[in-house]
Amino acid sequence: MTKQCFGTSHVPLSPAVRAGDFVYISGQVPVGADGVVVKGGITEQTGQVMENVKAALALAGCTLDDVVKTTVWLEDARDFGPFNAVYGKYFPKDPPARTTVESRLMIDIKIEVEAVAYKPL
């Protein structure tokens, strides 16, 4: 099995890494293409994070349909309802397994999401 890294970042990580038939997506945060945190609350930030997850998946030739597991960190558990409403739109059928926890995040954001996709070579 070989490891393939996809994309670049201003911090020491690869946005996507393929290991065999699995693709691992680094935690995505709510920043736009300009590198600035999107304005708004959990709804806007969740939308941006999920778009960033989609973009990272695409680097490795995957889509949201290939995602088998996500891990979600919310800065405030009270945001779970609005987060879940947006997240659900990205996985309308057969959603992946998911873990969601409340956590202090590394920068002043409300959410971070990582994903694991399965796409045989």
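Where is V38 found, between which strand and which helix? Here are a few notes on this predicted model, point by point.

1. V38 lies in the loop that runs between β3 (22-28) and α1 (42-59). Although it belongs to a loop, V38 is buried, with a relative accessible area of 19%; the cut-off for buried is under 20%.

2. Who are the neighbours of V38? Leaving aside residues up to four places away in sequence, V38 touches P30, G32, E44, Q45 and Q48. P92 is another matter: 54 residues along the chain from V38, its C-alpha atom is separated from that of V38 by 24 Å.

3. Helix α2 (residues 80-90) is worth a look with the structure turned in your viewer. F83, V86, Y87 and Y90 are buried there. They cover an arc of only 100 degrees around the axis, so they sit on the same side of α2. The general background is that an α-helix has 3.6 residues a turn, so residues three or four places apart point the same way.

4. What covers those buried residues of α2? The cover includes helix α1 along with the strands β4 (67-74), β5 (97-102) and β6 (111-118).

5. On to the cysteines, in case you were wondering: the structure holds zero disulfides. C5 is in no disulfide, and the nearest cysteine sulfur, that of C62, is 14 Å away; a disulfide would need the sulfur atoms within 2.5 Å. C62 is likewise in no disulfide.

6. As for their surroundings, C5 is partly exposed, with a relative accessible area of 44%, whereas C62 counts as buried at 4% relative accessibility.

Note on methods:
Residues are numbered from 1 along each chain as its sequence is written. This is a predicted model: local features need pLDDT of at least 70, side-chain atom pairs count only at pLDDT 80 or more; totals for chains, interfaces and linings use all residues. Side-chain values use heavy atoms; hydrogens and water are left out. Helices (H or I, at least four residues) and strands (E, at least two) are DSSP runs, numbered from the N terminus. Buried means under 20% relative accessible area, exposed over 50%, partly exposed in between (1.4 Å probe, protein chains only). Contact means heavy atoms within 4.5 Å. The arc is that of the directions from the helix axis to the C-beta atoms.
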